[in-house]
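Biologist: Could you take me through one part of this model up close, the place where the ligand sits, and then show me how the strands around it fit together? I'm new to this, so please go slowly.

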Amino acid sequence: MPAFPAGFRWGVSTSAYQIEGATAADGRGPSIWDTFAQEAGRIVDGSTADEACDHRHRYAEDTALLAGLGVSAYRFSVAWPRIQPTGAGPANAAGLDFYDRLVDGLLAAGVDPVATLFHWDLPQALEDAGGWLNRDTAARFAEYADLTAARLGDRVKLWITLNEPFIHMSLGHGIGTHAPGRMLLFDAFPVAHHQLLGHGLAVAALRASSTSPVAIANNYSPVRQVGDTDADRAATEAYDALHNRLFTDPLLGLGYPDAPGVDPAVVRDGDLAVIAAPIDVLGVNYYNPTGIRAPEEGSPLPFEIVPLDGYARTAFDWPVAPDGLRELLLHLHRRYGDALPEIQVTESGCAYDDAPDAQGRVDDPERIAYLDGHVRAVREAMAEGVPVTGYFVWSLLDNWEWAEGFTKRFGLVHVDYATQRRTPKSSYAWFRDLTRR
Ligand code: FCB
């Protein structure tokens, strides 16, 4: 492995809803994911995240795992419904107390706290008022950011406003496979705009009570054109604009791209300036490229997503394509030039069907190979001039993978959900040795 610059940030990521459990503790209110998981047929294994990894109670043990891993940063998310059980009004002190203890524990272990404010667990009360389709949710989000920063802003080392607003829009509101389960296709555009507006307003709120840098974490996927007709090219461009540019162009001051669904009537005077408030770091979440070709006649979509041939696959059936990460980083650099802030890869990882052997060890050579390839891809992009300053593995722990329930294991640490026993996998030792070097 080639050397990385001193001070490069090595971390791991999690999110509140996927690990915390204890959904009724601290006076937490229900979120859209509690509602969604209770609906029949939504989660493949019929599970809920009511217990998940029980991290709300086991955070000290999990902090010790982070310390043992030797990472310099831990990206977690704050559960909005713990801070504002109904999404509005004064802060719930018990909710903030939990994150206060977590943050202090991390600092004592020498790990920088990196806090994401919205990783998809919208308070259900806000959904009942229209959720992200309602412009007012952007203002509510800024208020929640303000309450959280007032308490943690002196110790959190990097703020991330939103996690993957594209995925929340498309899966949650476009095709309905994630909470809140709406099927609006491109009429989901207000969800994009209001998340971005909420981001911009939250940046201002965070700046008011914290001097720490501010980021957003976007999901990116290099698009591979399958087929060579003009229609295939048009489909590829449409998908690329939707997945890779809809949330980045306006953030970096370019306004909305010509992407399916963009509706100027939703955008009010002044909104684009709020959205383009300078950020310090662009968070890049990368898992795989996407194959695209022209749609069948009569399709409601201007593209068709097709499986890509010739790749090894993870247990999620996602292609393993480390070079896609290098390509994507170079592409961001080329496209946005000087407008591009420094980048941290805020999620990178893979699911495999890891299980303990007869001795209780969990050996996951595929994950080691996957991460090795992706870390090298980052280093190559850096050598070609892309300003990357950090890399976070998704995830510290096996956890509740949204609509996939407990069926997809992404952790460096295996979790036995019946006993909550944590077992570091061989990838944990590999990553520890890498970050030590
Ligand atoms: C990302 C999400 C994260 C996790 C990984 C596998 O899209 O941000 O919560 O589900 O995928």
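**The ligand and its surroundings**

Modeller: Let's start with one contact: an N or O atom in the side chain of Gln18 is 2.8 Å from an oxygen atom of the ligand. Keep in mind that this is a predicted model. Glu401 makes a contact of that kind too, with an N or O atom of its side chain 2.8 Å from a ligand oxygen. For Asn163, a polar side-chain atom lies 2.9 Å from an oxygen atom of the ligand. On its own the ligand has 290 Å² of accessible area, and the protein covers 95% of that. Besides Gln18, Asn163 and Glu401, the residues surrounding the ligand include His119, Trp120, Tyr287, Glu347 and Phe410.

Two other residues around the ligand, Glu164 and Trp394, deserve a second look. Glu164 is in the loop between β4 (158-163) and α8. Its phi is near 45°, which is positive even though Glu164 isn't a glycine. Is Glu164 buried or exposed? Its relative accessibility is 5%, and buried means under 20%, so Glu164 counts as buried.

As for Trp394, a cis peptide bond links it to Ser395, with omega about 20°. Ser395 is in the loop between β11 and β12 (413-416), while Trp394 is in the list of residues around the ligand.

Now for the strands. Eight of them form a closed barrel with parallel pairing, in the order β1-β2-β3-β4-β5-β7-β10-β11. From one strand to the next, the twist averages 25°.

Let's follow part of that ring, starting at β1. On one side, β1 runs parallel to β11 (residues 388-394), and five bridges join them. Here Trp10 stands opposite Tyr391 of β11. β1 is also joined to β2 (residues 73-77), again parallel, by three bridges. In that pairing, Val12 has Tyr74 as its bridge partner in β2. Go one step further and β2 pairs with β3 (residues 112-118), parallel once more, over five bridges. Ser77 has Thr116 as its bridge partner in β3.

What holds neighbours like these together? Strands of a sheet pair through backbone hydrogen bonds, and they can do so in a parallel or an antiparallel way.

Back to β1 for a moment, and to where its side chains go. In a regular strand, side chains alternate between the two faces of the sheet. You can see this in β1: Arg9, Gly11 and Ser13 point one way, and Trp10 and Val12 point the other way. Five of the five residues in β1 (residues 9-13) are buried, so the strand is largely enclosed by the rest of the structure.

Finally, a helix for contrast. Helix α9 (residues 189-209) has 21 residues, and 16 of them are buried, so α9 is largely enclosed by the rest of the structure as well. There's a neat length check you can try here. At 1.5 Å a residue, α9 should span 30 Å, and its end C-alpha atoms are 31 Å apart, which agrees. In the loop between α8 (165-174) and α9 you'll find Pro180, and the peptide bond from Ala179 to Pro180 is cis, with omega near 5°.

How values were computed:
Residues numbered from 1 in each chain as written. Predicted model: local features only at pLDDT ≥ 70, side-chain atom pairs only at ≥ 80, totals over all residues. Heavy atoms only, no water. Buried < 20%, exposed > 50% of the residue type's maximum accessible area, 1.4 Å probe, protein only. Helix = DSSP H or I, 4+ residues; strand = E, 2+ residues; numbered from the N terminus. Pairing = 2+ DSSP bridges. Expected span 1.5 Å × (residues − 1). Near = heavy atom within 4 Å. Polar contact = N/O pair within 3.5 Å; in protein donor to acceptor, adjacent residues only side chain to side chain. Areas by Shrake-Rupley, 256 points an atom, 1.4 Å probe, with all protein chains shown as cover. Axes fitted to C-alpha atoms, helices over the stretch in contact; angles between N-to-C directions.
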